[in-house]
Amino acid sequence: MKYRVLLYYHYVTIEDPVEFADEHLQFCKDLGLKGRILVANEGINGTVSGDYEQTEKYIEYMNNHPLFKGMPFKIDEADTHAFKKMHCRPRPELVNLSLEDDINPHEITGDYLSPEEWMEAIQDENTVVLDVRNDYEYDVGHFRGAIKPEVSTFRDTPEWVRQNKDLFEGKRVLTYCTGGIRCEKFSGWLKREGIGENVGQLHGGIATYAKDENTKGQLWDGQMYVFDERLTVPINQVDPTVIGVDHYDGTPCERYVNCANPECNAQILCSEENQHNHLGACSMKCAEHPRNRYITVHNIPQEEVEERLEAMRNSDFAKTEMIGPRA
Ligand SMILES: [Zn+2]
């Protein structure tokens with residue numbers, strides 16, 4: 001494994017996010033890194049990939065930077081880059097929670113639980129475990145028994161919690177996410193709202209939990225969704241299971257693809273065979289889309305396209321609703 005993928009965040013005041021993003025992008029490009037970095041007034045959040053030397057230089061630079069001293073990096077080994085390009089963009093928020101009255105995690109946040117403490121805590125009957133990632137992330141893997149809020153975007157989660165307050169009454173509420181960044185704010189919000197008896201968060205997120213020598217990713221079912229070209233990574237090293245299901249036939253599946261309709265782009269789990277039979281589309285509407293890219297990329301003859309569309313129209317699949325672009 002020649003390459004590494006770095007995942008990191010830090011809540012710290014960045015005075016001029018636009019200027020910072022500009023300079024930081026150039027710095028990353030000069031190093032030869034690829035990835036996606038968000039910069040806001042409230043801090044930085046990034047995933048970058050590069051070879052050992054490039055990533056080592058980046059870590060060293062950040063560790064010596066007055067704003068990011070001590071920022072932890074989660075490091076994955078990889079055999080290639082996990083991104084095609086290098087982006088570094090200014091944003092109003094690091095995570096899109098859009099609270100009227102924002103949370104500063106340095107002022108209020110849930111108790112930090114180490115992987116070992118987490119593993120013990122989630123087995124306690126008086127604990128409710130809340131997954132604060134997106135629904136499609138939960139669907140391919142999550143902590144055993146975790147609650148999935150019925151929302152399509154993170155910023156709807158506070159309202160969902162308010163409407164389902166009774167789930168948390170008198171309980172210890174524990175939240176987790178991929179790298180820990182969402183929980184810093186969300187657990188703070190839960191505390192401020194007075195949800196549950198006590199609020200905790202998985203420190204360093206699932207990414208840290210997976211690498212812990214003592215927990216070895218136990219009590220995690222399925223894979224973890226990641227926002228790069230790998231799409232999913234394994235977590236549980238002791239008793240791994242598959243919980244994702246094929247979009248078309250419901251059989252166990254961990255292969256994510258994008259819907260062939262460029263205006264939909266929804267991520268769906270499916271086998272290569274099922275993807276082909278459905279022209280790579282999440283729904284009839286997407287299969288029939290004039291710019292269906294599965295048809296062009298695979299050079300499928302018009303006759304076969306017609307045949308497949310006809311078969312889809314005559315099956316239950318015709319009733320499947322379009323998933324649509326991610327909010
Ligand atoms: Zn679609």
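Two strands count as paired when DSSP finds at least two bridges between them. By that criterion, β1 and strand β3 (residues 43-51) are an antiparallel pair with nine bridges. The model described here is predicted.

**Overall form**

The protein contains eleven helices and 14 strands. Its radius of gyration is 21 Å, close to the 20 Å that the globule rule gives for 327 residues, so the protein is as compact as a globular protein of that length. The C-alpha trace spans about 60 × 50 × 40 Å along the principal axes. Of the 327 residues, 53% are buried. Among contacts with a separation of 6 or more, 71% are between residues 24 or more positions apart. The exposed area of the protein is about 16300 Å², and carbon and sulfur atoms supply 46% of that area.

**Strand β1 and its partners**

Strand β1 covers residues 3-11, and nine of its nine residues are buried, so the strand is largely enclosed by the rest of the structure. The cover extends to both faces. Y3, V5, L7, Y9 and Y11 are buried on one side, while R4, L6, Y8 and H10 are buried on the other.

Besides pairing with β3, strand β1 pairs with strand β4 (residues 74-78), again in the antiparallel sense, over five bridges. Individual positions show how the strands line up. R4 has G50 of β3 as its bridge partner, and L7 stands opposite K74 in β4.

**Strand β9 and its partners**

Strand β9 (residues 172-176) is mostly covered, with four of its five residues buried. Strand β7 (residues 127-131) runs parallel to β9 and is joined to it by five bridges; in this pair V129 stands opposite L174. Strand β10 (residues 198-202) also runs parallel to β9, with four bridges joining the two. There, T175 has Q201 of β10 as its bridge partner.

The pairings of β1 and β9 are set out below.

| Strand pair | Sense | Bridges |
|---|---|---|
| β1 and β3 | antiparallel | nine bridges |
| β1 and β4 | antiparallel | five bridges |
| β7 and β9 | parallel | five bridges |
| β9 and β10 | parallel | four bridges |

**Residue I37**

I37 lies in strand β2 (residues 34-40). The relative accessibility of I37 is 0%, and buried means under 20%, so this residue counts as buried. Leaving aside residues up to four places away in sequence, I37 touches Y8, H24, C28, I44, N45, G46, V48, Y58, M86, H87, C88 and R89. One of these contacts, Y8, is a buried residue of β1. I37 and I243 are 206 residues apart in sequence, and their C-alpha atoms are 30 Å apart in space.

**The zinc site**

The zinc ion has four cysteine SG atoms as its protein donors: those of C259, C264, C282 and C286, at 2.3 to 2.4 Å from the ion. Along the chain, these donors follow the spacing C-x4-C-x17-C-x3-C. The angles among the four donor atoms are 103 to 120°, and the site is tetrahedral. Four donors count as tetrahedral if all angles lie between 85 and 135 degrees. For four tetrahedral donors the ideal angle at a metal is 109.5 degrees. Of the donor residues, C282 and C286 are both buried.

Key: Residues are numbered from 1 along each chain as its sequence is written. This is a predicted model: local features need pLDDT of at least 70, side-chain atom pairs count only at pLDDT 80 or more; totals for chains, interfaces and linings use all residues. Side-chain values use heavy atoms; hydrogens and water are left out. Donors are N, O and S atoms within 2.8 Å of the metal (3.2 Å for Na, K and Ca); water is not among the atoms, so sites may look incomplete. Four donors count as tetrahedral if all angles lie between 85 and 135 degrees; four count as square planar and six as octahedral if opposite donors are over 155 degrees apart and all others between 65 and 115; anything else is irregular. Buried means under 20% relative accessible area, exposed over 50%, partly exposed in between (1.4 Å probe, protein chains only). The radius of gyration is taken over C-alpha atoms; the globule rule is 2.2 Å times the number of residues to the power 0.38. Contact means heavy atoms within 4.5 Å. Accessible areas come from the Shrake-Rupley method with a 1.4 Å probe; for residues, only the protein chains shown count as cover.
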